[in-house]
Amino acid sequence: MIYTEDLTRAFRSSEMETLALNKVNIQIEEGEFVAVMGPSGCGKSTLLNILGLLDRPNAGIYRFNDKEVHALSEKQATHFIRGTIGFIFQSFILMDELNVSENIALPLNYLKMKASERKARVKEVMHRLKISHRAEHYPQQLSGGQQQRVAIARAVVASPSIILADEPTGNLDSKNGFEVMNLLSDLNAEGATIVMVTHSERDAGFATRTIQMLDGKVLSGGNILENRKVI
């Protein structure tokens, strides 16, 4: 599903250059639940942003389902993301002026889908995540755990190929964090591919594989064949 080769990302200013990713090689297969770990500043979030086409590398190859996507234009990337990639952010990023059902429906508004199907999908995913009773509530009326459930529902409502989660329990207490991780684990058991950035050893324990990063490099868990022939 995901393949990167020598993925490199540098951030430059007038005074210095920071190498966020240094020739990163990873493979992620369909149906995996992969945790990406490492200290702050090691490149975890940069990697996730590139995998989600929110950023692009300076060099290297990124293939998604055998399609080279690292050089897509902004318009092409936006089109590719729709219905393919679902995002879960630490800060929820819900629209305060929209209620729960309207927030969840946002990804469907960009797809050519009948209103009746959109409504049915939102209703189904709310029931699945046990937030149907909050359908008409607004984000400010919800607890942190409930807001993250809404964010997860929004991420999965379009049935994406992969879910990218950036510290999904970072703003939650331990009880709500545990519930969110159980939800992600259930989604993975149902077939969802998940890549999650986390500092939490507990959260990483829900994953089937852990990629360890340091100073922009993959230390272990990348699952790249060690004996590749160099041509």
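This report walks through the salt bridges and one helix, H5, of a predicted model.

**Salt bridges**

Let's begin with the charged side chains. Side chains of opposite charge can pair when their charged atoms come close. In this model the count of salt bridges comes to 9. Three of the pairs are set out below, with their N to O distances.

| Pair | Distance, N to O |
|---|---|
| Glu17 and Arg12 | 2.7 Å |
| Arg209 and Glu32 | 2.7 Å |
| Asp203 and Arg202 | 2.9 Å |

How many residues apart are Arg209 and Glu32? The two partners lie 177 residues apart, so this pair links distant parts of the chain. Arg209 belongs to strand E9, residues 209–214, while Glu32 sits in the loop between strand E2 (17–28) and strand E3 (33–37). Both ends of this bridge are covered: Arg209 counts as buried because its relative accessibility is 13%, under the 20% cut-off, and Glu32 is buried at 15%.

The bridge between Glu17 and Arg12 has another setting. Arg12 has a relative accessible area of 58%, which is over 50%, so this residue is exposed. Its partner Glu17 is partly exposed at 47% relative accessibility.

Is each partner in the bridge of Asp203 and Arg202 buried, partly exposed or exposed? Asp203 has 0% relative accessibility and counts as buried, whereas Arg202, at 35%, counts as partly exposed. Elsewhere, Arg149, Lys175 and Glu179 are joined into one network by salt bridges that share partners.

**Helix H5**

Arg149 of that network also takes us to helix H5, where Arg149 is among the buried residues. The helix covers residues 144–156, 13 residues in total. Does its length come out as expected or not, and what are the values? At 1.5 Å a residue H5 should span 18 Å, and its end C-alpha atoms are 19 Å apart, so the two values agree.

H5 is mostly covered, with 12 of its 13 residues buried. Those buried residues include Gly145, Gln146, Gln147 and Gln148, and also Val150, Ala151, Ile152 and Ala153. Arg154, Ala155 and Val156 are buried too.

Which elements cover the buried residues of H5? Among them are two strands, E6 (85–89) and E7 (162–166). Helices H3 (100–105), H4 (115–128) and H6 (174–189) also take part in the cover.

Technical notes:
Residues numbered from 1 in each chain as written. Predicted model: local features only at pLDDT ≥ 70, side-chain atom pairs only at ≥ 80, totals over all residues. Heavy atoms only, no water. Salt bridge = Lys/Arg side-chain N within 4 Å of Asp/Glu carboxyl O. Buried < 20%, exposed > 50% of the residue type's maximum accessible area, 1.4 Å probe, protein only. Helix = DSSP H or I, 4+ residues; strand = E, 2+ residues; numbered from the N terminus. Expected span 1.5 Å × (residues − 1). Contact = heavy atoms within 4.5 Å.
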